[in-house]
Structures are given as C-alpha cells and as structure tokens.
Amino acid sequence: MDNSIFINSISHMRVLEARMFSKAKLDSLVDSEDFSDCVRMLQNSYYGKYVNMISYEKGLKLAVEDFYKDMYKLFPLREVVDIMAVKYDNHNLKAIIKGEIYKKDFRDMIIDAGSIPVDVLMNGIKKRNFADIPETISLMIERIFDSYNHKKNPQDIDMEIDKEIYKYMFQIAEKSEMPYLFDFTKCSIDLSNIRMFIRIKAQGKGEEFLKRAFIYGGKLNLDLFVSYINEPLVRFSDKIMYTPYGKWSEGCIKKYIETKDLSLIDKFSDDFMTNYLKKAKLISFGPEPIIAYIFAKENEIKAVRIILTGKKNGVDPDIIKERLRERYYV
C-alpha cells in the first residue's frame with residue numbers, strides 16, 4: 001500500500017489536531033465553579049452544540065457519531081477508520097441482539113459510529129437477512145441465536161461477540177494490506193485479555209471461565225493466563241514485566257489492589273494505548289497518525305464526559321483529574 005494516498009487527508013487532519021484541547025484547557029474545565037460554568041466554558045468549542053442539547057450524554061454520543069462520519073469522508077482508505085469503528089459494532093450488536101431476544105427497545109443505547117451501518121444491523125437481525133452484513137458477523141449472529149435458544153445464557157452473547165469482533169478486525173487489516181493494522185489489532189487483543197483476566201480474578205471465577213472468555217490472536221498466549229489464574233495478581237504482573245505490557249500491568253494491578261476500583265483498569269488500558277500510539281508522531285504519512293488521532297479525539301470526548309459528570313455530581317476536582325486519560329497531545 002502506497003502511503004502517499006494519505007498526504008492530503010493527513011494535512012487536513014493536522015489542522016483538526018491543532019484545535020484539540022490542551023491539558024491546560026481540560027484543567028480549566030475541571031476547575032470551573034460548577035456544572036453550568038463548565039458548560040458555559042464549552043460554548044465556543046467543538047462541543048458547544050452538543051452540550052447544549054437536553055442531555056449532554058446524548059449530545060456527546062452524537063459528537064462521536066458526527067466525528068466518525070467526518071473521518072470516513074476525510075480518509076481515502078475506509079479500513080483505517082473501520083479498525084477503530086468496530087468497537088461500536090461490538091456495542092451495537094450486543095444491544096440489538098439482546099433487544100431482539102428480550103423483546104425490548106435498546107435503540108437509545110446504540111451508537112451509530114460503527115463500520116456497519118446501524119440500520120443494516122437492525123434490519124438484518126430483525127428479518128434474519130444478513131446479505132449486507134460481513135460474513136464473519138452474520139455467521140456469528142446465527143450462532144448466537146442458536147446457542148441462546150438451547151442454553152439461555154446471556155453471558156454467552158457478550159463472549160461470542162467479543163471474540164468474533166477481533167476476527168473481523170483481522171479481516172479489515174488483511175483487506176487494507178497494512179501491517180500496522182495487524183499490530184494494532186494484536187495489541188488491542190492483549191489489552192482486552194489482561195483486562196478480562198483482572199476482572200475474572202476479582203470476581204473469583206476460575207480456569208474454565210477464563211478459557212471460554214479468552215480471545216485468541218494476540219501476542220500473549222492462553223497458557224500464560226491459565227498458569228496464574230490461581231496465583232496472586234502481583235505474581236502475574238511480575239511474569240509479564242518484560243513484555244511490552246509490563247509497566248502498564250504493574251501500575252494497573254498495583255492501583256487496583258489498593259483501591260479495588262475495576263473502572264481504573266480501562267483508564268490504565270487507554271493510557272497504555274496512548275503511549276503505544278505516540279510513535280505515530282514520528283511518521284508523516286500512513287495509517288499510524290490517523291489511528292492515533294481518532295483514538296486521541298475519542299479520549300477527548302471521554303474527558304469532556306467525565307468532567308461534566310463530575311461537575312454535575314459535585315465530585316472533587318482532584319478526583320476528576322485522576323479519572324482523566326493520559327493525553328496524546330500535550
């Protein structure tokens with residue numbers, strides 16, 4: 001793949017990067033007097049129209065959807081955006097399939113930012129017509145309905161989707177013919193398995209559950225996790241210290257043991273990915289800076305949501321700052 005196809009689009013992307021919030025701007029939002037003052041400070045920013053909606057949560061969901069629409073328009077190779085958008089396919093598939101099974105309307109949960117249009121997913125699942133849905137996903141949907149009809153286990157739905165979505169990511173990477181997308185997918189799988197392992201340990205679940213939930217395709221193999229399922233988390237952290245995930249895992253596990261706050265796992269995971277993507281700063285043209293920018297923008301939207309939620313609930317500014325992700329841009 002000739003990376004020169006990205007020259008014009010990345011040049012425009014750099015302009016968008018320059019408009020992103022600095023750390024000082026985010027700190028000023030955290031230090032605002034209250035929720036209303038925080039909203040006022042956002043008025044002249046990218047987020048002005050979104051936080052003025054009846055619900056800022058719905059507004060920020062729309063911000064994600066609009067952002068991905070812009071990304072698909074901006075970049076000439078769809079797969080570079082698809083590789084980031086599949087997490088919304090994952091989210092939407094769970095909501096739509098469970099809505100179909102339980103005869104409930106989960107449309108408010110859906111985020112129309114995935115690689116597969118929401119109306120295609122909804123119509124395909126409702127009518128059991130998967131002609132416009134990628135084969136890997138359509139076969140998975142059929143297996144899920146068949147399995148649920150026999151076992152009635154909703155947890156199997158999440159596990160199946162989590163596994164198959166990464167197979168779909170590998171197919172996107174293969175279609176793109178870009179090695180970096182394979183590396184990104186493998187890293188994403190490893191982080192997912194580490195997060196999953198910590199949660200399994202926290203919930204007191206054992207080896208059999210781990211084997212069912214494990215996602216293949218990363219650089220860390222199943223045997224590594226199995227061998228430490230009955231050991232203290234710190235021993236697992238020591239074992240992977242000399243892998244690319246060692247420093248992140250050590251900090252994450254140490255903080256979790258101190259606080260027992262599982263939500264910190266996702267923050268540490270995002271911080272690791274931010275640092276993993278920072279090498280894209282050295283690359284002028286290619287998929288690396290595109291993926292890094294999309295990830296950074298999503299983290300900025302998360303930051304605005306965390307700050308607004310904290311201000312609305314009167315959370316101490318120092319606690320809000322602790323919950324914010326590490327920034328890709330200074």
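**Notes on the predicted model**

1. Let's start inside the protein. Leaving aside its neighbours within four places in sequence, Asn92 is in contact with Ile110, Ile111, Val118 and Leu121. This is a predicted model, by the way, so read everything here in that light. Asn92 sits in helix H6, which covers residues 78-102. Its relative accessibility is 0%, so Asn92 counts as buried, the cut-off being under 20%. As for its polar side, the Asn92 side chain reaches the backbone oxygen of Ile111 at 2.8 Å. Ile111 therefore turns up twice for Asn92, once in the contact list and once through that backbone oxygen.

2. Glu300 is another one to click on. Glu300 belongs to helix H16, and with a relative accessible area of 6% it is buried. What does the side chain of Glu300 make a polar contact with? The partner is the side chain of Tyr47, at 2.6 Å. Tyr47 also appears among the contacts of Glu300 beyond four places in sequence, together with Met20 and Phe21. Looking the other way along the chain, Arg327 is 27 residues from Glu300 in sequence, while their C-alpha atoms are 8.1 Å apart in space.

3. Now the domains. The assignment gives domain 1 (1-74 + 280-329), domain 2 (79-177) and domain 3 (179-264). Note that domain 1 is written as two stretches of chain, 1-74 and 280-329. Between the C-alpha centres of domain 1 and domain 3 the distance is 28 Å.

4. On to the largest pocket, which holds about 1700 Å³ of space. Its lining runs to 47 residues, and the closest to the centre are Lys87, Asn90, Lys94, Arg195 and Asp266. Two or more lining residues come from each of helix H5 (56-74), H6, helix H9 (154-176), helix H10 (179-203), helix H11 (207-213), helix H15 (263-277) and helix H16 (287-312). Which element supplies the largest share of that lining? That would be H10, with 10 residues. By class, the lining of the largest pocket has 20 nonpolar, 10 polar and 17 charged residues.

5. The second largest pocket has about 430 Å³ of space. Of its 18 lining residues, Leu264, Lys267, Phe268, Asp271 and Glu322 are the closest to the centre. Helix H14 (246-259), H15 and helix H17 (317-323) each give two or more residues to this lining, and H15 gives the most, with eight. The class count here is seven nonpolar, two polar and nine charged. If you colour by domain, you'll see that domain 1 and domain 3 each put at least three residues into the lining of this second pocket.

6. Last, a couple of backbone oddities in loops. Most residues other than glycine have a negative phi. Lys103, which is not a glycine, has a positive phi of about 55°. Lys103 lies in the loop between H6 and helix H7 (118-127). Is Lys103 buried or exposed? At 68% relative accessibility, Lys103 counts as exposed.

7. Lys260 is the other one: not a glycine, with a positive phi of about 60°. You'll find Lys260 in the loop between H14 and H15. With a relative accessible area of 56%, Lys260 is exposed, because the cut-off for that is over 50%.

Definitions and conventions. Residues numbered from 1 in each chain as written. Predicted model: local features only at pLDDT ≥ 70, side-chain atom pairs only at ≥ 80, totals over all residues. Heavy atoms only, no water. Helix = DSSP H or I, 4+ residues; strand = E, 2+ residues; numbered from the N terminus. Buried < 20%, exposed > 50% of the residue type's maximum accessible area, 1.4 Å probe, protein only. Polar contact = N/O pair within 3.5 Å; in protein donor to acceptor, adjacent residues only side chain to side chain. Contact = heavy atoms within 4.5 Å. 1 Å grid on protein atoms, 1.4 Å probe; cavity = no way out; pocket = protein on both sides within 12 Å on 5 of 7 lines; lining within 4 Å. Points joined across faces, edges and corners; volume = space filled by probe spheres on them. Nonpolar A, V, L, I, M, F, W, Y, C, P; charged D, E, K, R; others polar. Domains from an automatic or database assignment.
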